[in-house]
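Here's a quick briefing on one protein model and the empty spaces inside it. Have a look at the structure first, then read on.

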Amino acid sequence: MKILVSLAGAAVLSLGLIGNAAAADGKSLYTSKGCAACHGPDANTPILPIYPKLGGQNADYAFNQMKDIKSGARANGQSAAMKGIVAAISDDDLRAIADWLASVK
């Protein structure tokens, strides 16, 4: 019985780790959440000159900008277009995207 409980516990823990690993994959989140559609697949080739290049941005800056757009604290520039997109993205996923953006050269 102890073995069965231990195996069940290990399975539950591994599922949690898989969820965290998925949340930490900022590049795939960037693509799947639609960011690449406007900012380019490499985060540095936006489809319009008014959209910012995001690659290489400081992670904390990018994260805070996305959170401010999500909350409505930032409502300038293209924030209205972004608000609907970031509204459906968790803060953990926004952090993962921001961390990935910071790694892009």
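What follows covers confidence, a helix pair, a cavity and a pocket.

This is a predicted model, with a mean pLDDT of 84 for the protein. Two spaces get most of the attention below: the largest cavity, at about 80 Å³, and the largest pocket, at about 400 Å³.

**Confidence**
- In this model, 77% of the residues reach a pLDDT of 70 or more.
- Residues 4–23 are the stretch to treat separately, with pLDDT below 50. Beyond near neighbours in sequence, that stretch has five contacts in the model.

**How H4 meets H5**
- Helix H4 takes in residues 59–71, and its axis sits 8 Å from that of H5.
- The two helices pack at an angle of about 90°, which makes H4 roughly perpendicular to H5.
- On the H4 side, the contact is made by Met66, Ile69, Lys70 and Ser71. H5 answers with Ser79, Met82, Lys83 and Val86.
- Sorted by class, this contact has four nonpolar, two polar and two charged residues.

**The cavity**
- The structure has one cavity of 30 Å³ or more.
- Which residues line the largest cavity? They are Gly34, Cys35, Cys38, His39, Met66, Met82, Ile85, Val86, Ile89, Leu94 and Ile97.
- Helices H3 (35–39), H5 (79–86) and H6 (91–103) each give at least two residues to that lining.
- No charged residues appear in the lining of the largest cavity; the split is nine nonpolar and two polar.
- Met66, Met82 and Val86 are worth a second look: they line the largest cavity and also take part in the contact of H4 with H5.

**The pocket**
- The largest pocket is lined by 22 residues. Closest to its centre are His39, Pro52, Leu54, Ile69 and Met82.
- Of these, His39 and Met82 also line the largest cavity, while Ile69 and Met82 belong to the contact of H4 with H5.
- H3, H4, H5 and H6 each supply at least two residues of the pocket lining.
- Which helix gives the largest share of that lining? H4 does, with five residues.
- By class, the lining of the largest pocket has 15 nonpolar, six polar and one charged residues.

Key. Residues are numbered from 1 along each chain as its sequence is written. This is a predicted model: local features need pLDDT of at least 70, side-chain atom pairs count only at pLDDT 80 or more; totals for chains, interfaces and linings use all residues. Side-chain values use heavy atoms; hydrogens and water are left out. On a 1 Å grid over the protein atoms alone, a cavity is a set of points where a 1.4 Å probe fits but cannot get out, and a pocket is an open set with protein on both sides within 12 Å along at least five of seven lines; lining residues have an atom within 4 Å of a point. Grid points are joined across faces, edges and corners, and a volume is the space filled by probe spheres set on the points. Helices (H or I, at least four residues) and strands (E, at least two) are DSSP runs, numbered from the N terminus. Ala, Val, Leu, Ile, Met, Phe, Trp, Tyr, Cys and Pro count as nonpolar, Asp, Glu, Lys and Arg as charged, and the others, Gly among them, as polar. Axes are lines fitted to C-alpha atoms, for helices over the stretch in contact, and angles run from 0 to 180 degrees between N-to-C directions. Angles under 35 degrees count as roughly parallel, over 145 as roughly antiparallel, 65 to 115 as roughly perpendicular and the rest as oblique. Contact means heavy atoms within 4.5 Å. pLDDT is the predictor's confidence in each residue, from 0 to 100.
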